[in-house]
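Please load the model in your viewer and keep the selection tool at hand. We will go from stop to stop, picking out residues and strands along the way.

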Amino acid sequence: QVQLVESGGGLVQAGGSLRLSCAASGRTFSRFAMGWFRQAPGKEREFVAAISWRGGSTYYADSVKGRFTISRDNAKNTVYLQMNSLKPEDTAVYYCAADPRNTFPSGNSWSKWGDYWGQGTQVTVSS
């Protein structure tokens, strides 16, 4: 089992920045690929970013590429999502996920990725 707790969400104006954190406990953090997903009201959950076990590989949705950065600190059992140049369409509940397989789908096939999930943190971007 892995327990995930997100933090860092809040209300920010368009163009602003936020940094989300996800603290993990339980099994060995460094053996899990980590990801961030989000779900806006009335929409399906969508992939945002992912990072491999040691942080050597990162993946981003096209909608956030160049604005968001995922990173991890295995010594602190924490994964981060730095979000810059935020837009109102980034408004959503952001979820942290952990997957032990360290494999990453091509294209948009992320719907089955992630064995463990956090409770989410709300990000609201005002225009």
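## First stop: the disulfide

Select Cys 22 and Cys 96: a disulfide joins them, with an S to S distance of 2.1 Å (a disulfide being a pair of cysteine sulfur atoms within 2.5 Å). A disulfide is a covalent bond between the sulfur atoms of two cysteines. Cys 22 lies in strand β3 and Cys 96 in strand β9, so the pair ties together parts that are 74 residues apart in sequence. Strands here are DSSP E runs of at least two residues, and helices are H or I runs of at least four, both numbered from the N terminus. Set a dihedral about the S-S bond and you should find -80 degrees, a left-handed link. Cys 22 and Cys 96 are both buried, where buried means under 20% relative accessible area, exposed means over 50% and partly exposed is in between, using a 1.4 Å probe and protein chains only. A search of the whole structure finds one disulfide.

Before moving on, note that this is a predicted model, in which local features need pLDDT of at least 70 and side-chain atom pairs count only at pLDDT 80 or more, while totals for chains, interfaces and linings use all residues. Residues are numbered from 1 along each chain as its sequence is written, and side-chain values use heavy atoms, with hydrogens and water left out.

## Zoom out: the whole chain

Now switch to a cartoon of the protein chain. There are zero helices and 11 strands. The C-alpha trace spans about 40 × 30 × 25 Å along its principal axes. For 127 residues, a compact globule would have a radius of gyration near 14 Å, and the 13 Å of the protein chain agrees with that; the radius is taken over C-alpha atoms, and the globule rule is 2.2 Å times the number of residues to the power 0.38.

Colour by accessibility next: 43% of the 127 residues count as buried. The accessible surface comes to about 6,700 Å², and carbon and sulfur atoms hold 44% of it; these areas come from the Shrake-Rupley method with a 1.4 Å probe, and for residues only the protein chains shown count as cover. If you draw a contact map (heavy atoms within 4.5 Å), take the contacts with a separation of 6 or more: residues 24 or more positions apart account for 58% of them.

## Strand β3 and its two partners

Select residues 18-26, which form strand β3, together with residues 2-7, strand β1: six bridges join them and they run antiparallel. Two strands are said to pair if DSSP finds at least two bridges between them. Gln 3 has Ser 25 as its bridge partner in β3. Then add β8, which pairs with β3 in the antiparallel sense over six bridges. Here Cys 22, from our first stop, stands opposite Val 79 in β8.

Stay in β8 and pick Thr 78; this strand covers residues 78-83. Thr 78 is buried, with a relative accessible area of 10%. Its side chain reaches the backbone oxygen of Lys 76 at 2.8 Å, a polar contact, that is, a pair of N or O atoms within 3.5 Å; within protein, one must be able to donate a hydrogen and the other to accept it, and residues adjacent in sequence count only if both atoms are side-chain atoms. Beyond neighbours within four places in sequence, Thr 78 is in contact with residues including Cys 22, Phe 29 and Arg 72.

## A tryptophan in β4

Is Trp 36 buried or exposed? Select it in strand β4, residues 33-39, and you will find it buried, at 0% relative accessibility. A polar atom of the Trp 36 side chain lies 3.5 Å from the backbone oxygen of Tyr 80. Trp 36 is also 6.1 Å from Ala 97, C-alpha to C-alpha, although the two are 61 residues apart in sequence.

## The C-terminal strand

Select residues 121-126, strand β11. Thr 121, Val 123 and Val 125 make up its covered face, while Gln 122, Thr 124 and Ser 126 make up the uncovered one. Strand β2, residues 10-13, runs parallel to β11, with four bridges, and Gln 13 has Ser 126 as its bridge partner. Three bridges join β9 to β11 in an antiparallel arrangement, with Val 93 partnered by Gln 122.

## Last stop: two loop residues

Finish with Ser 85, in the loop between β8 and β9. Its phi is near 50 degrees, a positive value in a residue other than glycine, and at 41% relative accessibility Ser 85 counts as partly exposed. Asn 102, in the loop between β9 and β10, also has a positive phi of about 50 degrees without being a glycine. Asn 102 is partly exposed, with a relative accessible area of 24%.
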